[in-house]
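Reader: I would like a close look at one part of this structure, the aromatic side chains and what sits around them. Please take it step by step.

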Amino acid sequence: MTHPVEREEWKALAEHHESVRATTLRELFEKDDQRHEVFQLEAAGIFLDYSKNHLTDTTLDLLLSLARASSVSEKMQRMFRGDIVNPTEHRPALHTALRNRSDQPVMVDGRDVMPDIREVLARMRVFSDQVREGQWKGFTGKPITDVVNIGIGGSDLGPLMAVEALAPFAHPRLTLHFVSNVDASHLVSALKKVDPETTLFIVASKTFTTQETLSNAHSARRWFLESAAVETDVSKHFVALSTNADAVSDFGIDTDNMFGFWDWVGGRYSLWSAIGLSLVLSIGMDRFEQMLQGAHDMDMHARDAAPEQNMPVILALLTVWYNNFWDAHSHLIAPYDQYLHRFPAYLQQLTMESNGKSVHIDGSPVSLATGPVVWGEPGTNGQHAYFQLLHQGTHLIPTDFIMAIESLNPLGIHQDLLMANCFAQSEALMMGKNRDELHAEMRAAGASEEQINRLSGHRTFAGNRPSNTLLVQQMTPHALGALIALYEHKVFVEAAIWDINPFDQWGVELGKQLAKSIHAEIDQAKTVSGHDASTNGLINRALKFKNLLA
């Protein structure tokens, strides 16, 4: 097969980069005051301004040519169709089917999976209505007041992010808690806040064997039984998101309260499945379905829009442009919405677990940079922390600003200030401040020439830092669904261009395997010698600290 760097389109982009790298964003706007009108898109209620990028009409044409040469549209169609797009695990990747709001069937191995999906959604509605309306009672007859979701990875990051993002829509009686870390402090901190008589635990593990999740679940079960509860009460306070009925039943959970999903649902794409039950309990099934609709609307755009009008395609091409031609291997997510404070962490998993790969689909080594490092925190907090590096540091870090025009908590001028800061930061990153501007500003403020000369280097800003700005009217369930789906498809398009598999995560497994063997050695409390010198020394030192070795 032809690897990406061997394509003529890739080589043309490399040549083009050499010809435009010295052109600044200021100059691009000075040459064309209509850039904003040209480099913008709207889809599924999201507006994208991507004009503040190192991008000309020629650049965009070359990037789109690379997308066509990489068969991006065809690969997208294969994913929607249910073809095997995860070859290492021989699976389709049908998270799009989970939010399919049309009457169209989705076939896997010759069978329409939509009836199964709708059946699980219907069961989630019945169960969540019972809990939300106070009909589901604990072992002492009291309604549920707290829900503790026990999971890890996609079984935690997705629902946690969404519950936080949609907090204004939360049920007034129910408080949601999330436990993922096997560090006991995480579970103990959550248990201190809840009452065993009124707490519902959701154990989220497809196989019901995930070590961190099951360790936390069994400890929560012991805590529950240490109250006045008995074994038969477990089924009133524990439900499972799993496909392992035997293990669920052995735990004491009634399998009628087991909500299943399928092999073609990847963990980091599973929010739309039963893994979203905690979110449903918080915001209700109607609003969850609004979120599904938002994602479906973006799905239809991603599937059907021409590449030049396709928002996820454009965003993915910009990532390729910076990651592979500008050596910008980091990407900032800056949501100007406090409720989205976990969204960057969610995108870390989505992007870095999907595209943190070093081999092509055929197993051959890559000769290009793949997934960038994704990070971020909400504005305006970030402006008083890491934005210093963005403005005057030595790294080129493309940024996505995310902004809702209307607040869900309107209060005086707060939202206008937030919006002003968001727009100002994107402008400041692009425009910077040159010496002439600084000198004029300082003279107007009464500074001496000595002060001007002394501070000039410290107070100038190179600018020329690229960014995208994404706007929604309000961060509603529909808007959040569309936003998540946008980034899911963006990641897929990046993988299609880099010719890597975004749906497996073998790198996650190695550490898990080694941890099992080391845990067994710690449990045996004997001097260890079977690892490298450093690991041997660390294990033995830890055992001495625990007074388990002489």
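Author: The model is predicted. A good place to begin is Arg123, which lies over the face of Phe259, at 4.7 Å from the ring centre. A charge counts as sitting over a ring if the CZ atom of Arg is within 6 Å of the ring centre and within 35 degrees of the ring normal. Another arginine is placed in this way: Arg221 lies over the face of Phe251, 5.5 Å from the centre of that ring.

Phe251 also leads to a group of rings. One aromatic cluster is formed by Phe139, Phe201, Phe208, Trp223, Phe224, Phe238 and Phe251. Arg221 is therefore set over the ring of a cluster member, given that it lies over the face of Phe251.

Next come the pairs of rings. Across the whole structure, a search finds 22 aromatic pairs. One of them can be worked through with its geometry: the ring centres of Phe127 and Trp136 are 4.9 Å apart and the planes meet at 75°, so this pair is edge-to-face. The reasoning rests on the angle, since planes over 60 degrees apart count as edge-to-face. Phe127 and Trp136 are both buried.

A tilted pair is made by Tyr336 and Phe401, with 6.0 Å from centre to centre and 45° between the planes. Where do Tyr336 and Phe401 lie? Tyr336 belongs to strand 10 (residues 330-336) and Phe401 to strand 12 (residues 399-404), so the pair ties together parts that are 65 residues apart in sequence. Tyr336 and Phe401 are buried as well.

For a setting without ring pairs, turn to strand 1 (residues 40-43), where the side chains alternate. Leu41 and Ala43 point to one face and are buried, while Gln40 and Glu42 point to the other and are not. Strand 1 pairs with strand 2 (residues 46-49) in the antiparallel sense, over 4 bridges. An aromatic residue appears here too: Phe47 in strand 2 is the bridge partner of Glu42. The two strands form a hairpin with 2 residues between them, and Ala44 in the turn has a positive phi of about 50°.

A charged residue elsewhere has a partner of another kind. Glu353 is placed in helix 16 (residues 343-355). Its side chain makes a polar contact with the side chain of Arg268, at 2.8 Å. With neighbours within four places in sequence left aside, the contacts of Glu353 are Arg268, Gln348, Asp504, Gln505 and Val508.

How values were computed: Residues are numbered from 1 along each chain as its sequence is written. This is a predicted model: local features need pLDDT of at least 70, side-chain atom pairs count only at pLDDT 80 or more; totals for chains, interfaces and linings use all residues. Side-chain values use heavy atoms; hydrogens and water are left out. A polar contact is a pair of N or O atoms within 3.5 Å; within protein, one must be able to donate a hydrogen and the other to accept it, and residues adjacent in sequence count only if both atoms are side-chain atoms. Contact means heavy atoms within 4.5 Å. Rings of Phe, Tyr and Trp (its six-membered ring) pair if their centres lie within 6.5 Å; planes under 30 degrees apart count as stacked, over 60 as edge-to-face and the rest as tilted. Buried means under 20% relative accessible area, exposed over 50%, partly exposed in between (1.4 Å probe, protein chains only). Two strands pair if DSSP finds at least two bridges between them.
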